[in-house]
Amino acid sequence: MDDVKTAIFPSVSMVETQFSDPRTALDSDGLLDKLREEFQELLNHSALEPAFAPIEENCNIKREQIGYGIAALLGLYLIFGSAAQLICNLIGFAYPAYVSVKAIRTKTKSDDTQRLVYWTVFATFSLIDFFAEGIMHVFPIYYLFKATFLLYLYLPQFNDASSVYMTHAEPAILKLEKIVHDYIKQKRS
């Protein structure tokens, strides 16, 4: 069974290995440096040149500072904005939908499974949105937290939907299946 789990969910076994030995735990400083480098690569992409070049020249502000400013404004909007739920769901939907379509076009099955696991976790977590109004009164940064969590689930640096699925979604689904099965069995007898 462990071989099947490792084949279908390779990042789960990697996470289990990393956290089973405290000496091999994730190096947060190294991870942050890698994320920063990738953020800078994204900001220096040729498609963004027309947007950033005039601001850099006219305001004498570095592209990285502009990017962090945009991220901070987006974070504030997710806390105080009127369409925070829409923006949050776009963050959790747009890129994963794109890579899911790409995964469908490939012949390998592992990337399809990886995307299905993300969508299962996304759907499970989105059920909480039904209670979002009440949550927002107690936890006003809910949409910021949700957007960060969704990024954590699907960004290639983390890609941790499989471990969340294995630890939370699958046990809940199995319990629900048992309840439904027992209910149907009871009604038939």
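A residue counts as buried when its relative accessible area is under 20%. By this criterion, the buried residues of helix H10 in this predicted model are Ala161, Ser162, Ser163, Val164, Tyr165, Met166 and Ala169. Helix H10 covers residues 161-188. At 1.5 Å a residue, its 28 residues should span 40 Å. The end C-alpha atoms lie 37 Å apart, which agrees. Helix H10 has a kink of about 35° at Ala169. The proline Pro171 follows shortly after.

The fold as a whole is helical in its assigned elements. The protein chain has 10 helices and 0 strands. Read along the sequence, the pattern is α-α-α-α-α-α-α-α-α-α. Of the 189 residues, 26% count as buried. The exposed surface of the protein chain is about 13,400 Å². Carbon and sulfur atoms supply 66% of that surface. Contacts were also sorted by sequence separation. Among those with a separation of 6 or more, 50% join residues 24 or more positions apart.

The largest nonpolar core contains 22 residues. Leu78, Tyr118, Tyr143, Leu153 and Tyr165 touch the most other members. Helices H6, H7, H9 and H10 each supply at least two residues of this core. The largest share, 7 residues, comes from H9, which covers residues 142-154. Tyr165 links two of these descriptions: this residue is buried in H10 and is one of the core members with the most partners.

Leu78 was examined in more detail. This residue belongs to the buried set of helix H5, together with Arg63, Glu64, Ile66, Gly67 and Gly75. Beyond its neighbours within four places in sequence, Leu78 is in contact with Ala84, Ile87, Cys88, Ile91, Tyr143, Leu144 and Ala147. Tyr143, one of these contacts, is also listed with Leu78 among the core residues that touch the most other members. Helix H5 agrees with its expected length. Its 18 residues should span 26 Å at 1.5 Å a residue, and the end C-alpha atoms are 26 Å apart.

Aromatic pairing was then surveyed. A search of the whole structure finds 14 aromatic pairs. In one of them, the ring centres of Phe39 and Tyr68 are 5.1 Å apart and the planes meet at 25°. The pair is therefore stacked, because planes under 30 degrees apart meet that description. Phe39 lies in helix H3 (residues 28-43), whereas Tyr68 lies in helix H5 (residues 63-80). The pair therefore ties together parts that are 29 residues apart in sequence. Phe39 counts as partly exposed, at 22% relative accessibility. Tyr68 is also partly exposed, at 40%.

A second pair has another geometry. Phe93 and Trp119 pair edge-to-face, with 5.7 Å centre to centre and 65° between the planes. Phe93 sits in helix H6 (residues 84-105) and Trp119 in helix H7 (residues 110-126). This pair links distant parts of the chain, 26 residues apart. Phe93 is partly exposed, with a relative accessible area of 44%. Trp119 is partly exposed as well, at 22%.

Both rings belong to a wider arrangement. Ring pairs link Phe93, Tyr95, Tyr98, Tyr118, Trp119, Phe122 and Tyr154 into a cluster. Tyr118 appears in this cluster and also among the core residues that touch the most other members.

Key:
Residues are numbered from 1 along each chain as its sequence is written. This is a predicted model: local features need pLDDT of at least 70, side-chain atom pairs count only at pLDDT 80 or more; totals for chains, interfaces and linings use all residues. Side-chain values use heavy atoms; hydrogens and water are left out. Rings of Phe, Tyr and Trp (its six-membered ring) pair if their centres lie within 6.5 Å; planes under 30 degrees apart count as stacked, over 60 as edge-to-face and the rest as tilted. Helices (H or I, at least four residues) and strands (E, at least two) are DSSP runs, numbered from the N terminus. Buried means under 20% relative accessible area, exposed over 50%, partly exposed in between (1.4 Å probe, protein chains only). A nonpolar core is a set of buried Ala, Val, Leu, Ile, Met, Phe, Trp, Tyr and Cys residues joined through side-chain atoms within 4.5 Å. Contact means heavy atoms within 4.5 Å. The expected span of a helix is 1.5 Å times one less than its number of residues. The bend at a residue is the angle between axes fitted to the seven residues ending there and the seven starting there. Accessible areas come from the Shrake-Rupley method with a 1.4 Å probe; for residues, only the protein chains shown count as cover.
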